[in-house]
Amino acid sequence: MTAWRTPDVLAAEDFLKSAVAEADRAMRTAQQNLRGKEPSTEDIRRVMQFAKSSDASPAMRQLADRIARGAGLSWRQVLTGEAAHDPLVRQALDADRARLDELIKGETAPPPPPRRPARTDDDEPVQFTEDAW
């Protein structure tokens, strides 16, 4: 009984099947890439220092406390994704994702644009009107 399946429905099913297959391939590739990239000892040290700092989110500080108490979880497991099933790990990683990427990859965010100095009275006017001259 495939009479109700119009050419549009069949095309949509084919599109969906190929999209699901592509997503599965991307997931497998991502998992293989993660396995091959172990964080260095220096990466872990930088992340630990950050997690204990006041710059870290409350979730990240809570995760650092949990790891320090020996809760059967390590920074290596957190950074390789082995502990991604843990809700606190996900929350901490989501909260500080940009900063962790900087710490692990050694990349830094671009510096903020330079601030314009405050205007003083002896500066020349920025806008001229007829009565300015």
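I take helices (H or I, at least four residues) as DSSP runs, numbered from the N terminus. Axes are lines fitted to C-alpha atoms, for helices over the stretch in contact, and angles run from 0 to 180 degrees between N-to-C directions.

**Ground rules.** I note that this is a predicted model, in which local features need pLDDT of at least 70, side-chain atom pairs count only at pLDDT 80 or more, and totals for chains, interfaces and linings use all residues. Residues are numbered from 1 along each chain as its sequence is written, and side-chain values use heavy atoms, with hydrogens and water left out.

**Entry: α2 and α6.** I looked up how helix α2 (residues 41-52) packs with helix α6 (residues 97-105), and found an angle of about 145° with the axes 8 Å apart. The crossing of α2 and α6 is right-handed (the near helix is turned clockwise from the far one by less than a right angle; anticlockwise would be left-handed).

Which residues of α2 and α6 meet? From α2 I listed Asp 43, Arg 46, Val 47 and Phe 50, and from α6 Arg 99, Leu 100, Leu 103 and Ile 104; contact means heavy atoms within 4.5 Å. I sorted the residues of this contact into five nonpolar, no polar and three charged. In this sorting Ala, Val, Leu, Ile, Met, Phe, Trp, Tyr, Cys and Pro count as nonpolar, Asp, Glu, Lys and Arg as charged, and the others, Gly among them, as polar.

**Entry: salt bridges.** How many salt bridges does a search of the whole structure find? I found eight, a salt bridge being a side-chain nitrogen of Lys or Arg within 4 Å of a carboxyl oxygen of Asp or Glu.

Two charged residues of α2, Asp 43 and Arg 46, came up again here: they are linked with Glu 42 and Arg 45 in a network of salt bridges.

In α6, I found Arg 99 in a salt bridge with Glu 102, at 3.1 Å from N to O. These two are three residues apart in the helix, so about one helical turn separates them. Arg 99 is partly exposed, at 35% relative accessible area (buried is under 20%, exposed over 50%, partly exposed in between, with a 1.4 Å probe and protein chains only).

I looked next at Arg 97, which forms a salt bridge with Asp 94, the closest N and O atoms being 3.9 Å apart. Asp 94 is exposed at 57%, whereas Arg 97 is partly exposed at 39%.

Last, I noted the salt bridge of Glu 22 and Arg 25, at 2.8 Å from N to O. Both lie in helix α1 (residues 7-36), three residues apart, so they too are separated by about one helical turn. Glu 22 is partly exposed at 43%, and Arg 25 is partly exposed at 42%.
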